[in-house]
Amino acid sequence: MVLTFLHLAILGLSLVFIIFFHRRSKLSGFRLPPGNKGWPIIGETLEFAMNHRRGCPEKFVIDRMCKFSPEVFKTSLFGEKLVVFCGASGNKLLFSSHSKYVTSWWPPSMAKVWYFPENQENTVEVCNKMRSVLPEFLKPDALQDYIPVMDSMAKEQLETDWSPHKQVQVFSLSKKYTFASACKVFMNLIDPEQLTRLSNPFTHIVAGLISIPIKIPGTAFSRAVEGGRIVREELLAVIRQRKRELLENKGLKSIDLLTRLLLASFENGETNDEKQIANKIIGLLVASHDTMSTALTCILNYLAEYPQVYEDVLHEQVEIAKSKTPGELLNWDDVKKMKYSWCVACEAMRLSPPVPGTFREAITDFTYAGFTIPKGWKTFWTTYSTNRNPNYFPDPEKFDPSRFEGRGPAPYSFVPFGGGPRMCPGKEYARLATLVFMHNVVTKFKWRKVNPDEKIIYNPTPTPENGLLIHLEIINST
């Protein structure tokens, strides 16, 4: 018996060594992308995070593009071997080869923050299920009815939280608007106490996303995991309440995203799919809480720095306001006229990208730019290889909204929402919410920065160090 066990153990170890050395032998025959692995386990994560905290996240990418290759380089982040694809060609490959060469992937540390424990090993399945449902709800035709809702909410917040004050902090108030708007549109939530319970933990979640994944009390990662737990429990309570209302055939005033997801789960026989639905909504709320509020804050920051751009946006928005009757809210036709305003928003996102990039996992060995990316290695596309690259944007440090007029930038050189078949399903919602807010704030206020030299930090999204404090002046634009 003992001898048999010993034989099995030796056989098992032999197989492990055979597989290990076979893989090493195979990799040694590949021309792998150039780069550094960094320190054991943590790799170059510390340098990656510190560049973000110092306000120069592009330095990590640009330094390695110059040192190793302008097309692709390898590194090690979040405990994973990672290949960073650079330039428009690299972006195009990753966006257009989903399911052929790569698939969705999130670092385990991020999965532990966002997902329920039982979903942390199958994040790809969760993402794919989400994408199969979201486009129908988030396409322009479906969102048109929510433009007056967003407009009404923006007006109410500006009147309540901005107008009474001579000085406000833009980042905190823009988060309040984008989060409340998302909760209303996606789940029809308007109770202030409930919104506060959901919103507060997101600060810890976002702050811990690129932290060292060590779960020790008091660390950013530990606070992020706890914040994720609180949000998931709050969402489960909302989902179960809505589910009861549907099963009891209670009349619903509108069919929001949550209701559509529940009805889809009923049709598919997945009546116990509450946690999957919560996972889908969390992703949208993370985007609305920090990504969109970051974009709005950066837009207002640049409008304060470039008075002529502000005047041009104001002119466009005043013409729209003049076409409205007293009390009439914005509609789809109004938003279609906000072309210059969207160019300004895009230029702000080019210089201060709300999303630095996303991850993928290689599902097969494939070759790019003469280098082999082995199966199982993780990949990353990044805005920092294109957004300030003079090959794509001449005079890249200049704030110039005209770059986005006409045909705009070269394909795959500006990808704040991804590209190709992997375009972010929330792009149109983000565009509408951004333009509606811009309309309201520029037609109501002029502003100047309290600290003209306020530093931008990345945590991981770009944020003015003090939240962009501004002095307000109420105007009569009409």
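**Why is it called that? Bridges, cavities and rings**

Modeller: Let's start with a trio: a network of salt bridges links Glu44, Glu47 and Arg64.

Colleague: Hang on, what sort of model is this?

Modeller: It's a predicted model, where local features need pLDDT of at least 70 and side-chain atom pairs count only at pLDDT 80 or more, while totals for chains, interfaces and linings use all residues. Residues are numbered from 1 along each chain as its sequence is written, and side-chain values use heavy atoms, with hydrogens and water left out.

Colleague: Okay. What makes Lys59 and Asp63 a salt bridge?

Modeller: Their side chains meet at 2.7 Å, N to O. The rule asks for a side-chain nitrogen of Lys or Arg within 4 Å of a carboxyl oxygen of Asp or Glu, so this pair qualifies. By that rule, the count comes to 23 salt bridges.

Colleague: How are Lys59 and Asp63 placed in helix α3?

Modeller: They're 4 residues apart in α3 (residues 58-67), which puts about one helical turn between them. Helices here are DSSP runs (H or I, at least four residues), strands are runs of E (at least two), and both are numbered from the N terminus.

Colleague: Why does Lys59 count as partly exposed?

Modeller: Lys59 has 42% relative accessibility. Buried means under 20% relative accessible area and exposed means over 50% (1.4 Å probe, protein chains only), so a value in between is partly exposed. Asp63, at 35%, is partly exposed too.

Colleague: How do you know that Lys446 and Glu311 form a salt bridge?

Modeller: N to O, their side chains meet at 3.8 Å, so they pass the distance rule. This pair links distant parts of the chain: Lys446 sits in strand β9 (residues 445-449), Glu311 in helix α14 (residues 307-322), and their positions lie 135 residues apart. Lys446 has a relative accessible area of 34% and Glu311 has 35%, so both get the label partly exposed.

Colleague: And what makes Lys336 and Asp333 a salt bridge?

Modeller: The closest N and O atoms are 3.5 Å apart, so the pair fits the rule as well. Both residues belong to helix α15 (residues 332-336), 3 residues apart, about one turn of the helix. Lys336 is partly exposed at 44%, and Asp333 is partly exposed at 44%.

Colleague: Switching topic, how many cavities of 30 Å³ or more are there?

Modeller: The count is 3. A cavity is a set of points on a 1 Å grid over the protein atoms alone where a 1.4 Å probe fits but cannot get out, and lining residues have an atom within 4 Å of a point.

Colleague: Which residues line the second largest cavity?

Modeller: The lining is Glu58, Ile62, Arg350, Leu351, Pro353, Tyr384, Asn387 and Arg388. Helices α3 and α16 (339-351) each supply at least two of the lining residues. The volume of this cavity is about 40 Å³, meaning the space filled by probe spheres set on the grid points, which are joined across faces, edges and corners.

Colleague: Now the rings: why is the pair Phe85 and Phe366 called stacked?

Modeller: First, the structure holds 17 aromatic pairs. In this one, the ring centres are 6.3 Å apart and the planes are at 20 degrees, so the pair is stacked. Rings of Phe, Tyr and Trp (its six-membered ring) pair if their centres lie within 6.5 Å, and planes under 30 degrees apart are stacked, over 60 edge-to-face and the rest tilted. The pair links distant parts of the chain, with Phe85 in strand β2 (residues 80-85) and Phe366 in strand β6, 281 residues apart. Phe85 and Phe366 are both buried.

Colleague: What makes Phe95 and Trp381 edge-to-face?

Modeller: Their centres are 5.0 Å apart and their planes are at 65 degrees, so the pair is edge-to-face. Phe95 is in helix α4 (residues 87-96) and Trp381 in strand β8, 286 residues apart, so to speak two distant parts of the chain linked by one pair. Phe95 and Trp381 are both buried.

Colleague: Which residues form one aromatic cluster?

Modeller: Phe85, Tyr101, Phe366 and Tyr368.

Colleague: Last one: where does Ala369 lie?

Modeller: In the loop between β6 (366-368) and β7 (371-373). Its phi is near 55 degrees, a positive value in a residue other than glycine. Ala369 is partly exposed, at 32% relative accessibility.

Definitions and conventions. 1 Å grid on protein atoms, 1.4 Å probe; cavity = no way out; pocket = protein on both sides within 12 Å on 5 of 7 lines; lining within 4 Å.
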